[in-house]
Amino acid sequence: MYEYLVRKDHMILIQGHAATCPHCWEPITLTLDLSVAEQSYIEDCPVCCKALIVSYSANSGEVQDFNVEASD
Ligand SMILES: [Zn+2]
C-alpha cells in the first residue's frame with residue numbers, strides 16, 4: 001500500500017538521449033531520469049565498455065545541460 005502511493009506520486013520521466021562516446025566515437029543512447037534536477041554518474045559505454053562520466057540537469061522533463069566525458 002505504502003509503496004504503491006510513493007510510486008503514484010513520484011513523477012517518472014525516463015528518456016533516451018543521443019550522445020557520442022568520447023572513447024570510441026560511436027553514437028550511443030543514454031537513458032536519463034529527468035525526474036532528478038541535476039545528476040552526475042559513471043556509466044559504461046555499451047559499445048566499448050569504457051567508463052563515461054555522464055552529467056546533466058533537467059527542468060520540467062527537458063534536458064538542459066548534457067555532457068559526457070571520458071573517465072580515466
Ligand atoms: Zn565507447
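How many residues lie between β4 and β5 in their hairpin, and which residue in the turn has a positive phi? Two residues separate β4 from β5, and the residue in question is Ser60, whose phi is about 50°. The model in which this turn appears is a predicted one, and the account below proceeds from the chain as a whole to the strands around this hairpin and then to individual loop residues.

The chain contains one helix and five strands. Read from the N terminus, the order of elements is α-β-β-β-β-β. Of the 72 residues in the chain, 8% are buried. When contacts between residues at least 6 apart in sequence are considered, 30% of them join residues at least 24 apart.

Three of the strands, in the order β3-β4-β5, form an open sheet with antiparallel pairing. Its edge strands are β3 and β5, each of which pairs on one side only. On average, and with direction ignored, neighbouring strands of this sheet are turned by 20° against each other. In general terms, the strands of a sheet pair through backbone hydrogen bonds, in either a parallel or an antiparallel sense.

The pairing on each side of β4 can be followed residue by residue. Strand β3, residues 38-44, runs antiparallel to β4 and is joined to it by seven bridges. Within this pair, Tyr41 stands opposite Val54, and Asp44 has Ala51 as its bridge partner. The two strands form a hairpin with six residues between them. On the other side, seven bridges connect β4 with β5, residues 62-70, again in the antiparallel sense. Here Ser55 of β4 faces Asn67 of β5 across the pairing.

Strand β4 itself, residues 51-59, has two distinct faces. Leu52, Val54, Tyr56 and Ala58 point to one face and are buried, whereas Ala51, Ile53, Ser55, Ser57 and Asn59 point to the other and are not buried. Such alternation of side chains between the two faces of the sheet is what a regular strand shows.

The buried face of β4 leads to the largest nonpolar core, whose six residues are Leu34, Leu52, Val54, Tyr56, Ala58 and Val68. The greatest contribution to this core comes from β4, with four residues. Nonpolar side chains tend to be buried together in soluble globular proteins. Val54 illustrates the surroundings of one core member: beyond residues up to four places away in sequence, Val54 touches Leu30, Ser40, Tyr41, Glu43 and Val68.

Ala58, another core member, also has a partner in a loop. Ala37 is located between β2 (27-33) and β3, and its C-alpha atom is 4.9 Å from that of Ala58, although the two residues are 21 apart along the chain. Apart from neighbours within four places in sequence, Ala37 is in contact with Ser57 and Ala58. Ala37 nevertheless counts as exposed, because it has 10 C-beta neighbours inside 10 Å and the limit for exposure is 12 or fewer.

Two further loop residues return to the subject of backbone phi. Most residues other than glycine have a negative phi. Cys49, in the loop between β3 and β4, has a positive phi near 65°. Trp25, in the loop between β1 (14-20) and β2, likewise has a positive phi, near 60°. Cys49 is exposed because 9 other C-beta atoms lie within 10 Å, and Trp25 is exposed because 10 do.

Notes. Residues are numbered from 1 along each chain as its sequence is written. This is a predicted model: local features need pLDDT of at least 70, side-chain atom pairs count only at pLDDT 80 or more; totals for chains, interfaces and linings use all residues. A residue is buried if 20 or more other C-beta atoms lie within 10 Å of its own, exposed if 12 or fewer, and partly exposed in between; C-beta atoms are placed from the backbone. Two strands pair if DSSP finds at least two bridges between them. Axes are lines fitted to C-alpha atoms, for helices over the stretch in contact, and angles run from 0 to 180 degrees between N-to-C directions. A nonpolar core is a set of buried Ala, Val, Leu, Ile, Met, Phe, Trp, Tyr and Cys residues joined through C-beta atoms within 7 Å. Two residues are in contact if their C-beta atoms, placed from the backbone, lie within 7 Å.
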